[in-house]
Number of protein chains: 2
Amino acid sequence: MTKPSPVRDTVRPRRWRCVCAYDGGSFSGWQSQTSRSGGARPVIPTVQDALEAGFSAVLGAGTKIHGSGRTDAGVHARGQVFHFDASWRHGPEKLAAAVRTHLPASIQICSIRPAPAGFHARLSAKGKIYTYDVWLGDADPFTRPYAWSVFRPIDVAAMRAAAALLRGRHDFEAFSASRGGEKEDTVRDLRRLDVVRRGRRVRITAEADGFLYKMVRSLVGALVLVGEGRLEPGRVREILLSKRRGPPVHTAPPLGLFLHRVIYR
Amino acid sequence: MTKPSPVRDTVRPRRWRCVCAYDGGSFSGWQSQTSRSGGARPVIPTVQDALEAGFSAVLGAGTKIHGSGRTDAGVHARGQVFHFDASWRHGPEKLAAAVRTHLPASIQICSIRPAPAGFHARLSAKGKIYTYDVWLGDADPFTRPYAWSVFRPIDVAAMRAAAALLRGRHDFEAFSASRGGEKEDTVRDLRRLDVVRRGRRVRITAEADGFLYKMVRSLVGALVLVGEGRLEPGRVREILLSKRRGPPVHTAPPLGLFLHRVIYR
């Protein structure tokens with residue numbers, strides 16, 4: 001037998017783009033915490049840590065992935081996107097199949113494709129779509145992990161009226177939770193903020209060029225207060241213009257939030 | 001202040017009927033294992049144990065509940081029914097609300113009502129409806145805990161043809177998993193066995209006057225083999241008539257099975 005040529009075995013590394021879904025209830029958020037300064041690794045892994053372990057098992061130790069952005073602990077994703085650079089001689093389907101065997105049931109690889117030239121999961125993103133599910137009343141055990149149960153009667157028309165006042169290009173500082181540190185640009189273009197009721201599920205869909213920290217959950221928190229009749233629809237405009245997060249704005253729980261899709265050109 | 005009359009405080013115990021839902025993935029099945037002879041209590045509780053703990057917290061220690069029947073580890077329920085006897089002076093809604101605060105999120109109390117005279121959750125049952133969900137391909141993380149992912153192409157028409165041969169009053173011994181012990185009557189009236197595809201979900205619905213141990217999952221195992229083209233539809237009739245569980249009959253995994261409803265007059 002002849003020794004296989006090392007030249008033939010070598011494939012130049014290239015960039016891959018992957019779409020994944022995950023049940024955020026099983027993770028301490030997206031962001032890897034292995035590089036956390038001085039801190040111990042958390043008992044519950046992050047999505048990125050679990051994915052890097054799965055890809056490293058197939059592609060070699062130390063494979064790093066780069067997400068479109070973080071999601072907080074408990075937040076789910078149907079279409080999170082990340083990229084990675086790797087030498088892989090077989091098709092992307094075979095890579096996906098191989099990695100799947102190393103992932104927990106709470107993470108799904110939806111697709112792997114060669115990335116277009118210059119692609120970067122975070123820097124190339126042109127926008128994001130999130131959904132948030134509110135459940136009217138006591139949800140069954142199969143819905144509970146994925147929706148916020150609200151027990152007061154809800155006026156969906158009032159929520160829609162408030163949502164219309166929030167859409168557009170605004171400074172959304174009043175609807176974000178500052179993480180401290182440097183002052184960031186807090187103007188975002190909220191292209192879409194829909195409220196649709198179907199049976200006992202009220203789905204809020206938000207699309208923007210980008211979102212501030214906890215922005216979707218702050219918008220949902222205000223809209224639900226409006227729906228419950230505890231905040232006048234017009235007040236959300238005043239809060240927006242105040243550019244200050246005040247007492248009526250609170251953060252809806254993470255379990256109803258899904259990163260639905262990341263938009264690229 | 002006068003001391004309240006002990007007579008006025010006493011309410012005669014009566015029988016209550018409760019409908020509940022649960023995510024079976026969180027439990028070691030329905031049946032309480034506290035009375036298991038000589039065995040240690042399992043680390044994962046049973047549904048009955050969790051419910052008795054919740055009701056005992058409100059109604060007093062040692063409250064016992066009596067289910068319509070067992071479900072195995074990993075099997076879910078949308079409409080399991082149980083009864084219990086208790087003295088409760090307030091309405092059933094208040095009892096449900098009080099017990100809810102003592103239950104895990106994986107169990108839902110759907111309703112509590114005074115039981116009709118002579119009602120017994122198991123002995124009064126006239127039938128049961130189960131559903132079983134098969135998912136065609138790789139299910140997302142939110143569907144995975146509730147459906148059996150099947151990766152071969154499926155012929156739903158062939159499954160329906162086989163189901164038609166199984167409906168009716170038959171000896172279903174070939175489609176049960178004997179638990180040993182005494183010989184039980186294995187004739188059941190399978191009133192309904194439907195196969196409905198909607199998108200990538202194939203839902204099998206079975207209704208009978210009663211089901212043998214692992215009967216639904218054995219029927220599903222055979223139907224999926226037929227759907228995959230690995231068993232001729234007509235063969236299920238031969239297996240049924242053989243009254244012997246043979247190699248082609250296997251048990252579908254529990255995660256797709258839901259006790260949908262218990263039928264009473």
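Modeller: Two residues are in contact if their C-beta atoms, placed from the backbone, lie within 7 Å. This is a predicted model, where local features need pLDDT of at least 70, side-chain atom pairs count only at pLDDT 80 or more, and totals for chains, interfaces and linings use all residues. Residues are numbered from 1 along each chain as its sequence is written, while chains are lettered from A and ligands numbered from 1 in the order in which they are written.

Colleague: Thanks! What percentage of the interface residues of chain B are also interface residues in chain A?

Modeller: The contact takes 13 residues from chain A and 13 residues from chain B. The copies meet through the same surface, because the share of chain B interface residues that are also interface residues in chain A is 100%.

Colleague: Which kind of axis relates chain B to chain A?

Modeller: A turn of 180° with a shift of 0.0 Å along the axis lays chain B on chain A with an RMSD of 0.0 Å (superposed by least squares on the C-alpha atoms of residues with pLDDT of at least 70 in both). That relation therefore belongs to a two-fold axis.

Colleague: And which residue of chain B has the C-alpha nearest the axis?

Modeller: Happy to help with that one. The C-alpha in question lies 4.5 Å from the axis, and the residue is B:Phe142.

Colleague: Within chain A, how far apart are the centres of domain 1 and domain 2?

Modeller: The domain assignment, automatic or from a database, gives domain 1 (12–114) and domain 2 (127–263) in chain A. Taken over C-alpha atoms, the centres of these domains of chain A are separated by 28 Å.
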